[in-house]
Amino acid sequence: MNNFEFSRATDTADAVRQVAANPNARFIAGGTNLIDLIKEGVATPSRLIDITRLQLNFVEDTNEGGLRIGALVPNSDLAYHPQIEKRYPLLASAILAGASPQLRNMATTGGNLLQRTRCFYFYDTTTPCNKREPGSGCSAIDGLNRMHAILGTSEHCIATHPSDMCVALAALAADVVAAGRNGERRIAFADFHRLPGDEPQIDTNLGNDEIITAIELPANGFAKNYSYLKVRDRLSYAFALVSVAAALEIDNGIILKARLALGGVAHKPWRDERSEALLSGAPANRESFARAAEALLRDARGFGHNDFKIDLARRTIIRALTQAASGTPQSQTDKRVR
């Protein structure tokens, strides 16, 4: 474990000044991912900047009828917040599908967005990994890749993004609010995370001198017809093989609007608006859901051990859309798929 300096930011402007002055500094709040990375020697920051005293623990209405969530709201508080449970139950369900109660108590909204892949080779510093050491190679492509990506991969990386919360945020079309030396800016959630391409070491489009201050949810939370379905090796405390956030607006059996996002299948939460468009105006039935699943997975590619994920994703999409259409979302208490 490397030596590092420690400091505490007094406000957002101070946090930006401190991180801009040191390219190898990192913010720390709950630390549920960063501490693991430091202990394993994957992350070697020269300074940790404590942001826990910043005034970013809030949930408030926006002028547009949505909600603004502070970056330091703990995951557990967010999942059980009355406005989230009532207006954005898809988000609450996704949060409760992830991690454990102890981790959710510590993990923050902003930190959840920035957690890094759980690829075995990324954590094993004795193996080549382009995310950890650009240009060294990707051990997963010809290695044990059962948990790895089937969409949006490149020859340099097939790692997956681990978050459940982010899959729901992608489906809800949230915005990320960030502050930096040039002031505040909004980043559409679809543009926040990156595919690996030629630079798999860069996970997001957040600037090195920026800090996430909030997440903004639009007014439409799809609170009636939704489901977050997570398929994994065991029913708790496991990362997704495939997860699906499905949200529908239905009138007289016809889909008016659809949102569909996947986790466990790509380097970022995977949302395909072309597949959603196929559902718009279609009857809310299995045939429509199957067409959307085929379209979403049209470019899916396995790497041997994870070939099964393509069919698993197809069936999970259809099941999640069926749950959403019937108004019977997947329970995160009884996690068995029904």
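Two strands count as paired if DSSP finds at least two bridges between them. Helices (H or I, at least four residues) and strands (E, at least two) are DSSP runs, numbered from the N terminus. This is a predicted model, where local features need pLDDT of at least 70, side-chain atom pairs count only at pLDDT 80 or more, and totals for chains, interfaces and linings use all residues. Residue numbers start from 1 along each chain as its sequence is written, and side-chain values use heavy atoms, leaving out hydrogens and water.

**View 1. A parallel pair: strand 1 and strand 3.** Four bridges link strand 1 to strand 3 (residues 47-50) in the parallel sense. Look for serine 7, which sits opposite isoleucine 49 in strand 3.

**View 2. An open sheet of three strands.** The order is 1-3-2, with parallel pairing. Strand 1 (5-8) and strand 2 (25-28) each have a single partner strand, so they stand at the edges with one side left without a neighbour in the sheet.

**View 3. The buried side of helix 12.** In helix 12 (residues 286-296), Ser288, Phe289, Ala292, Ala293, Ala295 and Leu296 are buried (under 20% relative accessible area with a 1.4 Å probe, protein chains only). They share one side of the helix because they cover an arc of only 165 degrees around its axis, taken from the directions from the axis to the C-beta atoms. These buried residues pack (heavy atoms within 4.5 Å) against strand 11 (254-263), strand 12 (270-271), helix 11 (273-279) and helix 13 (308-326).

**View 4. Asparagine 63 in its loop.** This loop runs between strand 4 (59-61) and strand 5 (67-70). Asparagine 63 is exposed (over 50%), at 83% relative accessible area.
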